[in-house]
Amino acid sequence: MMKQIKITLWVILVGLSALWLFANLPFPEELNFIALRNLLVQYSGVLSIGAMSVAMILATRMHWVEPWLNGLDKSYRLHKWLGIAALTTSVVHWVAAKGPKWMVSWGIMGTPERGQRPEGIPDLGAIQTFFNSQRGTAETLGEWAFYGAGILIILALIKRFPYKIFVSTHMLIAIAYLVLVFHAAVLMDFDFWTQPVGGVVALLMIGGVVSGVLSLTRQIGRNRLVPGTISRIRTFTEMRVTEIEIHMDEGWKGHEAGQFSFVTFDRREGKHPFTMASAWDPATRNIMFISKGLGDYTNFLPEKLTVGGEAKVEGPYGRFTFHCTKERQIWIAGGIGITPFIARMKQMAMTPGTKTIDLIHSINEIAPEALELLKADAAAAGVTLHLVVDSKDGPLTGARLREMVPNWQSSSVWFCGPAGFGQALRKDLVAEGLASGAFHQELFNMR
């Protein structure tokens, strides 16, 4: 799961590094402070604009990316890591670019002399002359775009920053990125444009620019957006859980159990991700979502919704779809993470499978009505249900899971719930002999 993301991240960073190194070898015989500083400025610049470009492309939710990274949730995790990488290398780039000026102003070093252009390097005429004329503008705009993008990336990493404001402000990164593309195109070593590194960076920036324009014009996901009408609302007050059923218009082509969508109930609030908790039946065209009050929006969602109200659903996304060759599966749901398993059980009730399945639902508390519904779904699907109520039974651990399901080593494990909970279980089970590839975890975290 995480292995694919890590490999992709390192392929991007190491690949750009190798291309940059190829373009700069052999290094000058005398590498003084200014020469080393110039190399660092160019290297950090290539990494920064390359990482940010890929992050921008991933933000478009392109359908072809999901199979490679095994779901949009994994794509967003890579998007986040690339953002952090771009921020880190941008800070290095900024310090390297500003360092000599600071050192001169502090009296640590004298004003460095500008070296002359080495002989034998081609002059590309009018284009290069134009780029050189724009250097001052590119430096100034790039510096301010760096400040803006840095602040926005840091805000995106702060979990307490409200989701609604995060979505609105995060889109502004596209503006900063477009400015940084201008900065990079003008200030990148002009000789790189005749090297493979220049071609690769140019392609990434073109993809990033297109993605930025799509973001700013609100085109991302529009071709997968389908309207619907709220047909039923049921609230479990003591659990702070709300079931919302939406009757979809003809544009919705269906979904697999375990997938999720972005749902807009209020245009001013914007779209929020919800896992679908129902199987797709083209005869009824209904989708059920389950929401738990966990934040400033979901806490008040039941009060804002009315039967007959409009909703827009974008998707489906994700590959947490229970496909594997193993005949035994263990499902682990932490709290509201039960939703993909409910959808899968409803699907199995319509089209029974042959797999042996144990569902372990770990929850702080559960309403009697909700428990009866869960038991009915499990019985209809032929799934063995294990309920772990933390307040009475204590937390679910790997050792306890192994007692519940004796043949756990021959199973595939599917987890949806709090990230730390899943990581702890995975570490325990893998240490005890579970194949690492047999543990599937939904990274249902969009920031």
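**Exercise 1. Lay out the antiparallel sheet of this predicted model.**

Task: give the strand order of the open sheet of 6 strands, then find its edges.

Solution.
- Step 1. The order of the open sheet is 4-3-6-1-2-5, and the pairing is antiparallel.
- Step 2. Strand 4 (271–275) and strand 5 (286–292) each have a single partner strand, so they are the edges, and one side of each lacks a neighbour in the sheet.
- Step 3. Ignoring direction, neighbouring strands of this sheet are turned by 40 degrees against each other on average.

**Exercise 2. Examine the edge at strand 5.**

Task: state how strand 2 and strand 5 pair, and over how many bridges. Then decide how well strand 5 is covered.

Solution.
- Step 1. Strand 2 covers residues 241–248 and pairs with strand 5 in the antiparallel sense, over 7 bridges.
- Step 2. Fix the register. Thr242 has Ser291 of strand 5 as its bridge partner. Glu243 stands opposite Ile290 in strand 5.
- Step 3. Check burial. Of the 7 residues in strand 5, 5 are buried, and the strand is mostly covered.

**Exercise 3. Follow the salt bridges of this sheet.**

Task: which strands do the salt bridges of Glu243 with Arg232 and of Lys271 with Glu314 connect? Classify each residue by accessibility.

Solution.
- Step 1. Glu243 and Arg232 form a salt bridge, with the closest N and O atoms 3.9 Å apart. That lies inside the 4 Å cut-off.
- Step 2. Glu243 sits in strand 2 and Arg232 in strand 1 (residues 225–236), 11 residues apart.
- Step 3. Glu243 has a relative accessible area of 9%, so it is buried. Arg232 has 30% relative accessibility, so it counts as partly exposed.
- Step 4. Lys271 and Glu314 meet through their side chains in a salt bridge of 2.7 Å, N to O. Lys271 belongs to strand 4 and Glu314 to strand 6 (residues 310–317), so this pair ties together parts 43 residues apart in sequence.
- Step 5. Lys271 counts as partly exposed because its relative accessibility is 27%. Glu314, at 0%, counts as buried.

**Exercise 4. Lay out the parallel sheet.**

Task: give the order of the open sheet of 5 strands and name its edge strands.

Solution.
- Step 1. The order is 9-8-7-10-11, with parallel pairing.
- Step 2. Strand 9 (384–389) and strand 11 are the edge strands, each pairing on one side only.
- Step 3. From one strand to the next, the twist averages 15 degrees.
- Step 4. Take strand 7 and strand 8 (residues 356–363). They pair in the parallel sense over 7 bridges. Gly334 has Ser362 of strand 8 as its bridge partner.

**Exercise 5. Place strand 10 and trace the chain onward.**

Task: is strand 10 mostly covered or mostly open? What handedness has the crossover from strand 10 to strand 11?

Solution.
- Step 1. Strand 10 spans residues 412–416, and 5 of its 5 residues are buried, which leaves the strand mostly covered.
- Step 2. Sort the side chains. Ser412, Trp414 and Cys416 point one way, Val413 and Phe415 the other way, and all are buried.
- Step 3. On one flank, strand 7 (residues 328–334) pairs with strand 10 in the parallel sense over 5 bridges. Trp331 stands opposite Trp414 there.
- Step 4. Strand 10 also pairs with strand 11 (residues 439–441), in the parallel sense over 3 bridges. Gln441 of strand 11 is the bridge partner of Phe415.
- Step 5. The chain leaves strand 10, passes through helix 15 (residues 419–431) and reaches strand 11; this β-α-β crossover is right-handed.

**Exercise 6. Relate helix 15 to its surroundings.**

Task: which residue forms a salt bridge with Asp428? How far is the C-alpha atom of Ile332 from that of Leu425?

Solution.
- Step 1. Asp428 forms a salt bridge with Arg402, and their closest N and O atoms are 2.3 Å apart. Asp428 is in helix 15 and Arg402 in helix 14 (residues 398–404), 26 residues apart.
- Step 2. Asp428 is partly exposed because its relative accessibility is 27%. Arg402 has 19%, so it counts as buried; the cut-off is under 20%.
- Step 3. Ile332 lies in strand 7. Its relative accessible area is 0%, so Ile332 is buried.
- Step 4. The C-alpha atoms of Ile332 and Leu425 are separated by 9.7 Å, with their positions 93 residues apart along the chain.

Technical notes. Residues are numbered from 1 along each chain as its sequence is written. This is a predicted model: local features need pLDDT of at least 70, side-chain atom pairs count only at pLDDT 80 or more; totals for chains, interfaces and linings use all residues. Side-chain values use heavy atoms; hydrogens and water are left out. Two strands pair if DSSP finds at least two bridges between them. Helices (H or I, at least four residues) and strands (E, at least two) are DSSP runs, numbered from the N terminus. Axes are lines fitted to C-alpha atoms, for helices over the stretch in contact, and angles run from 0 to 180 degrees between N-to-C directions. Buried means under 20% relative accessible area, exposed over 50%, partly exposed in between (1.4 Å probe, protein chains only). A crossover is right-handed if, with the strands pointing away from the viewer, the path from the first strand over the helix to the second runs clockwise.
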